[in-house]
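Open the model in your viewer and keep the selection panel handy. We will go from one DNA strand to the other, then to the two protein chains.

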There are 2 protein chains.
Amino acid sequence: MPAPTTAEATTSSQPTAGNGVERLYTTDLASEIEFLTARARSLGSGRANNMLAELDLKVRSYSVLSLACSGQNPSQRELADFLSLDPSQIVALVDQLEKRGAVTREADPRDRRSKVIAPTAAGRRLYKRAEAIVRQASDHSLAQLNDQERETLRDLLRRIAF
Amino acid sequence: MPAPTTAEATTSSQPTAGNGVERLYTTDLASEIEFLTARARSLGSGRANNMLAELDLKVRSYSVLSLACSGQNPSQRELADFLSLDPSQIVALVDQLEKRGAVTREADPRDRRSKVIAPTAAGRRLYKRAEAIVRQASDHSLAQLNDQERETLRDLLRRIAF
DNA sequence: CCATATGATTGAAAAAGTCAATCATATTTT
DNA sequence: AAAATATGATTGACTTTTTCAATCATATGG
């Protein structure tokens with residue numbers, strides 16, 4: 001039985017969790033990059049989702065809206081590939097955004113099977129607001145890093161994400 | 001209409017996706033840290049899950065097993081907190097690991113409601129093998145980064161993940 | 001002792017992910 | 001050109017993951 005401290009709650013300090021979980025910060029798992037990545041994204045997208053709820057959006061629908069507004073005229077197939085989602089999930093996401101008048105499905109003259117997702121004027125306005133919220137959320141999640149560190153992180157992630 | 005190239009398949013190059021999705025790499029979304037984090041973890045845990053399938057494990061169960069083997073005697077509550085999972089999910093994960101004889105639920109003398117998850121001898125052996133596989137998977141996912149860059153990434157992530 | 005809080009468990013419901021089948025249209029083969 | 005094959009979007013079924021509320025046993029604070 002390794003050192004069962006009788007006083008225990010007194011060691012708590014950080015605002016993360018209220019318990020004695022800090023003990024687990026020293027484990028092998030806690031320093032695996034893959035684990036840290038998973039945790040970072042869980043915290044980050046959790047917060048973003050909470051904040052985006054105000055606009056009735058989630059990270060998913062925000063991503064689609066963002067790409068629709070990118071000027072790259074993505075097709076649903078491309079959205080599926082890029083977001084690593086099943087085409088059927090894209091259908092559902094676009095359905096929602098279309099229903100609320102944020103995007104439209106445009107015919108692609110070069111391939112009539114394909115549908116290009118374009119933003120409406122309202123969609124662009126929605127995106128502007130969402131973008132601000134996401135930036136806020138991100139700022140909060142990355143609070144511990146300065147600008148240069150964020151740049152470094154972005155570059156490292158980009159290299160493993162593509 | 002922005003430059004609709006009639007020849008199109010000729011521009012493809014990278015081994016990532018087979019389509020014209022590269023076009024979307026230049027979007028705002030593609031450079032958001034939160035998006036990159038999500039994508040990195042999706043790729044990473046996808047690969048790890050595939051490779052762990054050989055041991056009938058997933059990243060989830062591997063994480064629990066790893067913490068069980070950490071020497072920190074985590075309770076289910078602590079596992080839930082640390083892994084950001086609902087307590088009921090921990091029950092299911094521990095059930096599975098217990099059923100295959102990899103871990104046991106030990107009574108905590110200091111709190112009889114609490115159950116400490118401890119590895120069996122077989123559990124430790126399983127963890128050893130799983131660890132090697134996860135390391136391989138991680139190595140593959142982080143192939144683009146050298147050791148120093150991996151260290152940097154680990155530190156940056158640690159600061160936003162805790 | 002009583003009231004309240006917490007850890008584990010169960011079960012139900014919602015959301016997300018996976019797959020196969022279908023229709024329309026492209027592309028390739030012969 | 002006709003036939004065969006492949007692809008984009010869509011639907012529906014099905015599985016897995018998430019999320020929540022309720023319950024029981026035990027702790028903890030008055």
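Start with the surface near DNA strand C. By class, this surface has ten charged, six polar and three nonpolar residues. The model is predicted, so read each stop as a prediction.

Select DNA strand C and its surroundings. 19 residues surround the strand. Show Arg112(A), Gln76(B), Arg77(B), Pro87(B) and Ser88(B) as sticks; these are the closest. Now color by element. Two or more residues each come from α4 and β2 of chain A, and from α3 (76-83), α4 and β2 of chain B. Highlight α4(B): with four residues, this helix gives the largest share of the surface near DNA strand C.

Move to DNA strand D. Here 18 residues lie around the strand. Pick out Gln76(A), Arg77(A), Pro87(A), Ser88(A) and Arg112(B), which come nearest. In chain A, select α3 (76-83), α4 (87-99) and β2 (111-119); in chain B, select α4 (87-99) and β2 (111-119). Each of these supplies at least two residues of the surface near DNA strand D. Which element gives the most here? It is α4(A), with four residues. Color this surface by class to find nine charged, six polar and three nonpolar residues.

Last stop: the two chains. Superpose chain B on chain A. A rotation of 180° with 0.0 Å of shift along its axis does it, at an RMSD of 0.1 Å. The two copies are therefore related as by a two-fold rotation axis. Finally, select the interface residues of chain B. Of these, 96% are also interface residues in chain A, so the copies meet through the same surface.

Terms used: Residues numbered from 1 in each chain as written. Chains lettered and ligands numbered in written order. Predicted model: local features only at pLDDT ≥ 70, side-chain atom pairs only at ≥ 80, totals over all residues. Near = placed C-beta within 6 Å. Nonpolar A, V, L, I, M, F, W, Y, C, P; charged D, E, K, R; others polar. Least-squares fit on C-alpha atoms with pLDDT ≥ 70 in both. Contact = placed C-beta atoms within 7 Å.
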